[in-house]
Each structure stands twice: as structure tokens, then as C-alpha cells.
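Colleague: Could you take me closely through a single part of this model, the contact between its chains, and set out carefully what forms it?

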Amino acid sequence: MELICPAGTPAAFREAVDAGADAVYCGFRDETNARNFPGLNFSRDELKAAIAYARQHGAMTFVAINTFMRAGREKLWHEAVDDAVRLGADAVILADFGLMAYTAERYPDQRLHVSVQASAANADAVNFLVETFRAKRVVLPRILTIPDIARLAKQIRCEIEVFVFGGLCVMAEGRCSLSSYATGKSPNMNGICSPASHVRYREDGRELVSELGDYTINRFPAGEAAGYPTLCKGRFNVADERGYAFEDPVSLDVMDHVDLLREAGVSALKIEGRQRGKAYVAEVVSVMRRAVAANAAERPALISRLRLLSEGQRTTSGAYEKRWR
Amino acid sequence: MTVTTLPSLSLGPVLYLWDGPKWRDFYFRIADEAPIAHVFIGETVCSKRLHFIEPHVGEVVERLEQAGKSVSLSSLALVTLERESQLVRALARDSAHPVEANDLSALGLLAGKPHAIGPLINVYNGATARLLASRGATSICLPPELPMTSVREIVRDAPGVAFEIFAFGRVPLAISARCAHARSKGLVKDNCQFICGDDPDGLVVETLDRQPFLVLNGVQTVSHTCQALIQELPELADAGISRIRLSPQDCDMVSVARAFDDAIAGRSAPADAIARLQEAYPGTRLSNGFHYAQQGAAWIAGHAST
């Protein structure tokens with residue numbers, strides 16, 4: 001199985017290649033990609049250098065252009081595809097049908113991957129994208145169990161990539177407007193969720209309050225570590241019960257199930273984290289590289305090392321296990 | 001001076017779990033009393049709920065059609081199980097009525113047949129609308145988070161498609177494999193006891209500062225505020241919008257439809273129309289922020305089209 005690794009900066013890109021990534025994915029420094037965070041992502045020249053570096057070391061480069069084209073501003077997305085193709089991207093990762101159609105028509109030989117943001121969650125959906133746009137690979141939304149994936153793999157005519165480590169969307173990806181409801185900034189349109197520009201922390205008595213836009217997302221009593229107010233991982237009241245209504249502040253870790261994913265027919269394992277620093281990327285990629293190759297006896301030690309790197313050090317296997325539902 | 005065709009009213013599917021008789025009686029009243037031209041029916045949120053409405057679909061369709069309304073059947077929004085895939089396949093293959101696609105599988109299966117596109121399919125630009133139209137889509141309900149600037153561009157860019165705007169109702173914001181509604185009552189999705197049926201207008205999620213924020217509807221999360229694009233109707237008509245979608249809430253939807261109908265026809269002023277919505281859906285907070293590219297929960301007062 002291929003290991004697909006994140007890079008938000010050229011330095012992280014090189015670290016990922018050096019640490020053994022089969023492919024590194026990254027995006028341009030604008031709203032065309034779903035990690036449009038300040039200070040992240042690549043200029044055209046940086047992408048060109050990154051692709052050359054990857055080639056020298058036998059790694060591939062995937063360019064994520066996976067937000068939805070804003071009506072009237074399609075040129076920005078078209079140019080992103082034009083430039084990714086021209087600079088030699090091994091694959092473009094797309095979510096918008098209009099952009100897929102543009103790419104399939106203009107660049108019939110360009111390898112097209114379906115982004116997780118497209119929300120292709122079943123065989124008919126994937127086959128629609130394969131037939132219509134000649135997609136070669138689908139990144140599955142994080143809403144399927146491993147048996148669901150195994151069943152899907154038998155019915156589709158393209159490769160499967162799944163997220164195995166890092167941030168976890170609780171909601172079906174590409175179909176969530178929670179952030180834009182609270183802040184006006186949307187993952188689909190702006191490539192951003194729970195944007196830092198709308199985050200505030202304030203003290204209220206002995207509690208630290210985290211806010212997103214006009215809403216309190218969490219309150220941390222003295223002594224409890226305060227986390228970032230990602231909307232779906234906040235604490236709320238539902239019918240007078242106080243708690244994490246959607247999901248605890250956990251991150252995804254499915255490394256315990258690597259063999260099952262391989263047997264299910266998964267071609268590539270994806271690490272989330274383009275917003276992470278280069279040291280994190282280097283460490284996660286190198287440990288993951290060994291964990292994927294390791295036998296069942298060696299793997300647990302490597303996995304416990306990975307867990308130390310996780311957000312809040314608490315992890316979940318999310319929707320990959322049925323009981324999560 | 002250009003003559004604009006006035007938009008007609010459509011009614012989206014009931015998003016909440018209502019018991020069979022309540023669901024049936026709701027549509028009977030719509031058939032008999034509401035000035036609505038197009039009705040979309042069907043369970044879109046959770047396949048586990050289907051058996052509640054199934055026994056009544058036939059009589060509801062008949063009553064609506066007798067009243068002169070066009071009826072379409074809406075497909076599931078989230079399709080992951082084999083059983084769910086089979087349901088969508090059967091609907092696409094066998095339906096005697098037009099189908100509204102709410103996920104990508106339905107899109108693929110409906111190719112070549114006239115069909116509708118629901119608000120949960122990501123249509124953010126004219127290129128996507130044109131692609132869907134070339135495959136048989138005749139109407140598209142645009143995603144509720146789209147700002148008016150995008151709406152105008154898309155309509156202009158895809159002639160021949162009847163565009164629809166989500167103009168009334170709590171806005172569907174997210175859907176998950178996990179059921180937060182069941183979880184909130186100490187259950188899990190696979191053994192949920194249909195607990196979402198206890199909340200026919202959804203279950204409110206408040207912030208820890210007691211501010212109402214979101215509403216749970218099974219695996220779906222909707223807004224706490226009720227989208228109300230009613231002062232914006234002239235602007236929407238001017239942009240070429242063909243249909244105004246009302247999404248059923250557990251309130252007097254006939255009055256809501258009449259308020260919109262009067263506002264579209266210019267028989268009532270915006271302030272009057274807003275007051276009538278508030279009367280039909282007491283205690284609700286209205287919002288229209290998405291339309292103005294602001295946070296969706298915001299209410300921008302005053303006249304539109306400025």
C-alpha cells in the first residue's frame with residue numbers, strides 16, 4: 001500500500017519525501033485547496049521545486065485542488081489545474097464536477113483522483129465519477145466501516161485511498177456548512193473550517209472560554225487543557241446534558257487495522273495534516289512507513305509511538321468501526 | 001422593461017421523523033390548502049426511518065396530484081449500506097415520478113432521464129450545473145450556503161435549467177455516519193429506538209452559555225435559525241430563479257406558503273410577510289446571512305437588491 005503524506009510547506013514536503021512517503025500531497029496558496037490556512041501552501045515555483053525533489057527521490061506529488069469553484073471566479077481553479085499539470089503533478093485531487101469535467105476534457109492523460117470532499121461514499125457514486133471523468137482513484141469519506149470498504153472495493157473500477165491518521169471530520173466531508181453558518185467561511189467555498197480569524201479565547205471567572213464567531217464552543221475549567229474550537233468538537237448542552245454532542249476532541253488512528261484495510265482492497269493510506277510542522281510530518285511519516293511494513297508483533301510498539309504525536313493524545317478509529325455510529 | 005416570470009413555490013421533503021399519520025395528514029392539508037406547485041416527498045435523512053412513511057406514500061401522491069401539484073420523489077442523502085444502494089437503484093429505475101437526486105449515486109443512476117437535483121448536491125458554479133443538465137437534470141435546488149452573487153452567476157451560466165432556492169426552513173448544515181441525536185439520549189445509531197421521532201422539529205443544541213445554536217435531526221444537523229428569504233424575493237425573481245423552496249417545519253406550513261405566495265405576487269409588503277412567518281412559526285429566529293455572504297445565522301434587515 002502506498003503512503004500518502006501531507007505537506008503544507010516546502011520544508012515539510014522534503015521531510016515527507018526523506019522519511020519515505022510514496023506520494024506527498026499539497027496545494028496552492030489560495031482558496032483552491034481545502035487547507036487554505038494563513039502561512040501555508042505552495043507558490044508555483046515552490047511546487048515546481050517540490051515536484052523535482054520528489055522525482056529525484058522516487059516519490060510522487062499529488063496536488064489538491066479540492067474546493068468548489070466559486071461562480072464567476074472559475075479561472076482561479078482552472079489555472080490551478082493548468083499549472084499543476086504543466087508542472088508535472090502525478091495526480092490532481094478534485095472535488096468539483098465542473099472542474100473534473102474541465103480537467104478530463106483538457107488533459108485526458110492527467111491522472112485524476114476524487115477528493116474526500118466529493119463525498120463519493122458508495123459504488124454507484126464512485127462508478128459515476130470513473131465513467132464520467134475517468135477518475136483513477138477515490139479518497140473515501142470517513143463514514144464507512146472496513147467491511148463497507150471491502151464490499152465497495154469489489155464493485156468499483158478504481159483505486160481506493162483512505163485516511164488512517166490525523167484530523168477527523170465527524171461530518172461527511174464536502175457536505176458540511178457548520179463553519180459557514182457560524183462564521184461565513186466555508187470548507188467548500190473558502191477551503192477553511194472554524195477559521196482562526198473568528199476564534200477568541202476569554203476568561204470567565206476560573207474558566208477559559210473558547211469562541212467561534214458569536215458562539216461559545218467550549219469552556220475549560222482551571223487545570224483542563226484548552227483546545228482549538230473546531231465547531232464539531234465543541235462542548236454543548238443538549239436537553240440539559242452538557243457534553244461533546246458530536247465528537248470528543250480526538251484524532252483518527254486506524255493503524256491497528258492496517259492489515260484489514262489491505263485485505264479490503266485499499267491501495268493507499270493517507271495521513272492528514274498539511275497544517276502541521278515539518279518535525280511532526282517527518283516523525284509521523286517515518287514511523288508510519290515502518291508500521292505499514294512491520295509484522296503484527298512489531299507493529300504495536302510503533303503504533304504507541306504514533307499515538308504520542310496525536311492531538312490531545314486521544315485517538316479514535318472513527319467510522320471504520322461500526323460501534324462509533 | 002423586461003418581464004420577469006414570477007417563481008412558483010415548491011415544498012421540500014419533510015426532514016424530520018414524523019409518524020405515518022402525521023406525515024400523511026400534513027400532505028393532505030398541503031394538497032387541499034397550500035398554494036404550492038411542486039412537492040418533493042420521501043425520506044432523505046435516514047434509511048432506518050423509511051417504514052414510517054411507506055404505507056402512506058401512495059395516498060399522499062394521489063391526493064397531491066388530484067390537487068394539481070407536481071410530485072417528485074427525493075432520494076437518500078447518505079448512501080453507504082448495500083440496502084441503501086438498492087433503494088436508490090430501485091427508485092431511479094422504477095419510479096413513475098421524477099426523482100430528486102440527493103447523493104452522487106442517484107446522479108449516476110439517473111443519467112439520461114429527466115430528474116431534479118436536491119440542495120445537498122454540491123452545485124457551486126455554472127459549469128457543474130451545465131454538466132448536470134447535460135445528463136438530464138431539469139431543475140436544481142442550489143446549496144443553501146450560496147451567496148446571491150454566486151446564484152446570479154450560476155443562473156446566467158446555465159440557461160434552460162429551472163433553478164430553485166432554499167427559502168424557508170432550518171438549513172441542513174451537515175450529515176454524519178454517526179447519530180448525534182441517538183447519542184444525546186445515550187443510544188447508538190444501530191439501536192436508536194427511533195428516538196428522533198420524539199422531536200418532530202428537531203432537538204436544540206445550545207452553547208454552554210445557553211445560546212441556541214444548532215438542531216439535531218437524527219444523523220443530520222440543521223440550523224437553529226429558520227432561513228427566510230422573503231424580502232429577497234424580487235431580487236431572486238429578477239435573477240431568473242424559477243422556484244422558491246419551503247422546507248417543512250413542525251409549524252403552520254400552509255400559512256407559510258400563503259405568506260410567500262402573497263409576497264411573490266406583490267400582495268404583501270416584506271415587513272408584513274416576515275410578521276406572518278413569525279406568526280406561523282412562533283418563537284423561531286429568522287436568518288438570511290448566507291444570501292449576503294455572511295454567517296448563515298445572521299439576519300440582515302431591510303430591503304434587498306440594493
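Modeller: What follows is a walk through that contact, from its overall make-up to its individual elements.

Since this is a predicted model, every statement here describes computed coordinates. The contact draws 58 residues from chain A and 56 residues from chain B; on the side of chain B that touches chain A, 25 residues are nonpolar, 20 are polar and eleven are charged.

One part of the contact involves strands, with strand 11 of chain A (residues 235-238) and strand 8 of chain B (residues 203-207) running antiparallel and joined by three bridges. Within this pairing, V238(A) has V205(B) of strand 8 as its bridge partner.

Another part involves helices, where helix 4 of chain A (residues 97-106) meets helix 6 of chain B, their axes coming within 7 Å and crossing at roughly 80°. Because angles of 65 to 115 degrees count as roughly perpendicular, helix 4 of chain A and helix 6 of chain B are described as roughly perpendicular to each other. Helix 4 of chain A contributes F97(A), G98(A), A101(A) and Y102(A) to this contact, while helix 6 of chain B contributes A127(B), T128(B) and L131(B). By class, the residues of this helix contact comprise five nonpolar and two polar, with no charged residue.

Helix 6 (126-134) also has a role within its own chain, as it is among the elements of chain B that cover the buried residues of helix 7, together with strand 7 (162-175) and helix 9 (233-238). Those buried residues of helix 7 (residues 148-157) of chain B are M148(B), S150(B), V151(B), E153(B), I154(B) and V155(B).

Definitions and conventions. Residues are numbered from 1 along each chain as its sequence is written. Chains are lettered from A and ligands numbered from 1 in the order in which they are written. This is a predicted model: local features need pLDDT of at least 70, side-chain atom pairs count only at pLDDT 80 or more; totals for chains, interfaces and linings use all residues. Two residues are in contact if their C-beta atoms, placed from the backbone, lie within 7 Å. Ala, Val, Leu, Ile, Met, Phe, Trp, Tyr, Cys and Pro count as nonpolar, Asp, Glu, Lys and Arg as charged, and the others, Gly among them, as polar. Two strands pair if DSSP finds at least two bridges between them. Helices (H or I, at least four residues) and strands (E, at least two) are DSSP runs, numbered from the N terminus. A residue is buried if 20 or more other C-beta atoms lie within 10 Å of its own, exposed if 12 or fewer, and partly exposed in between; C-beta atoms are placed from the backbone. Axes are lines fitted to C-alpha atoms, for helices over the stretch in contact, and angles run from 0 to 180 degrees between N-to-C directions. Angles under 35 degrees count as roughly parallel, over 145 as roughly antiparallel, 65 to 115 as roughly perpendicular and the rest as oblique.
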